[in-house]
Amino acid sequence: MDASDGASKAAATLADLPPLNDAPAADRTKLFRQKLRLCCVVMDFSEPRKQVREKDVKRQALLELVQFLSDGKVTWSSQVVEDLMVCVEANIIRPLGGKSRTSGAKEGGRIEGVEEDEPVLEESWPHLQLIYELLYRFVLSKEVDTKSAKEYFSKRFMLQLLNLFDSEDPRERDYLKVGRGSSASPKHRCRTVQSLTFNVLKLLMEMDSQLFDQCSAQLDEREGKQQHTFEERRRKWRQLEAAASVQ
């Protein structure tokens with residue numbers, strides 16, 4: 001079975017499953033785990049017109065899973081946590097690489113060459129964002145103690161997560177910064193996210209303080225480079241705008 005067939009089969013199964021809230025209370029955890037496992041199948045976002053129905057089915061399933069966690073209806077057994085972390089890793093841990101940039105003017109009379117300096121947005125963000133929400137709700141849950149959670153945050157996983165700071169999509173970097181205590185946008189200042197920040201930092205420090213220090217140093221270096229890139233982009237925009245105004 002190729003990837004396309006796997007995506008179609010997973011989407012068809014998800015579409016046939018009943019909503020979590022409609023299932024008997026005794027069956028909801030089993031159904032929740034089943035939907036998590038089906039959401040491990042990654043859709044092909046390289047072509048916008050490919051797997052359109054399958055992508056929408058998975059997105060609706062992820063929205064339902066996030067809401068189910070938000071409502072506090074999940075019992076965090078070791079099996080549930082394991083299924084959730086497998087789903088998270090299957091979706092967000094990936095080789096980074098955006099669309100190839102082309103030189104020249106964009107349609108609509110945009111200034112030539114500007115797209116070379118613009119960040120490449122992640123096509124799969126409609127799914128990735130919800131996967132991050134699942135991860136954060138797990139970390140935030142009062143029913144999950146730090147000792148249990150540490151079993152699922154291996155050094156390998158944390159280092160792979162660190163590599164995602166190289167993502168060109170600023171939306172993904174903002175989500176990752178929440179775990180470090182950054183207030184990159186106003187919504188990150190709410191109490192919920194402050195609690196999230198505290199829990200994530202506590203988890204990382206208790207898991208491996210040396211690794212935490214190492215990761216923090218590397219992230220500070222990467223963020224410095226990203227800020228430099230941002231300033232260069234802004235400077236170039238100003239130069240191009242000034243040149244265009246005198247023509």
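With which side chain does the side chain of Glu 172 make a polar contact at 2.9 Å? The partner is the side chain of Ser 167. The points below concern a predicted model and begin with the overall fold before returning to this glutamate.

1. Overall architecture. The protein contains 10 helices and 0 strands, so that reading along the sequence gives the pattern α-α-α-α-α-α-α-α-α-α. Of its 247 residues, 38% are buried. Among contacts with a separation of 6 or more, 69% are between residues 24 or more positions apart.

2. Nonpolar core. The largest nonpolar core comprises 48 residues. Within this core, Phe 32, Trp 76, Leu 84, Ile 92, Leu 134 and Phe 138 touch the most other members. Two or more residues each are given by α1 (3–16), α2 (28–38), α3 (52–70), α4 (78–92), α5 (125–140), α7 (155–163) and α8 (170–178). The most is given by α5, with 10 residues.

3. Helix α3. This helix has 19 residues, and the distance from its first C-alpha to its last is 27 Å, close to the 27 Å expected at 1.5 Å a residue. Its buried residues are Glu 54, Lys 55, Val 57, Lys 58, Ala 61, Leu 62, Leu 65, Val 66, Phe 68 and Leu 69. The list therefore includes Glu 54, Lys 55 and Lys 58, each of which has under 20% relative accessible area. For Lys 55, the charged end sits over the ring of Phe 45, at 4.6 Å from the ring centre. After α3 comes Gly 72, which has a positive phi near 70 degrees.

4. Aromatic pairs: Trp 76 and Phe 138. A pair of aromatic rings is described by the distance of the centres and the angle of the planes. The count of aromatic pairs comes to 7. One of them joins Trp 76 and Phe 138, with 5.2 Å centre to centre and 55 degrees between the planes, and is tilted. Trp 76 is in the loop between α3 and α4, while Phe 138 is in helix α5, so the pair links distant parts of the chain, 62 residues apart. Both Trp 76 and Phe 138 are buried, and both also appear among the core residues that touch the most other members.

5. Aromatic pairs: Trp 125 and Tyr 175. Here the ring centres are 5.5 Å apart and the planes stand at 70 degrees; because an angle over 60 degrees counts as edge-to-face, the pair is classed in that way. Trp 125 belongs to helix α5 and Tyr 175 to helix α8, so the pair ties together parts that are 50 residues apart in sequence. Trp 125 has a relative accessible area of 6% and is therefore buried. Tyr 175, at 7% relative accessibility, also counts as buried. Ring pairs link these two residues with Tyr 132 and Tyr 136 into a cluster.

6. Glu 172. This residue lies in helix α8. Its relative accessible area is 0%, so Glu 172 is buried. In addition to the contact with Ser 167 at 2.9 Å, the Glu 172 side chain makes a polar contact with the side chain of Tyr 132 at 2.7 Å. Tyr 132 is itself a member of the aromatic cluster described above. With neighbours within four places in sequence left aside, Glu 172 is in contact with Arg 94, Trp 125, Leu 128, Tyr 132, Leu 164 and Ser 167. Two residues in that list, Trp 125 and Tyr 132, belong to the ring cluster.

Definitions and conventions:
Residues numbered from 1 in each chain as written. Predicted model: local features only at pLDDT ≥ 70, side-chain atom pairs only at ≥ 80, totals over all residues. Heavy atoms only, no water. Core = buried A, V, L, I, M, F, W, Y, C linked by side-chain atoms within 4.5 Å. Buried < 20%, exposed > 50% of the residue type's maximum accessible area, 1.4 Å probe, protein only. Helix = DSSP H or I, 4+ residues; strand = E, 2+ residues; numbered from the N terminus. Expected span 1.5 Å × (residues − 1). Phe/Tyr/Trp six-rings, centres within 6.5 Å; stacked < 30°, edge-to-face > 60°. Lys NZ or Arg CZ within 6 Å of the ring centre and 35° of its normal. Polar contact = N/O pair within 3.5 Å; in protein donor to acceptor, adjacent residues only side chain to side chain. Contact = heavy atoms within 4.5 Å.
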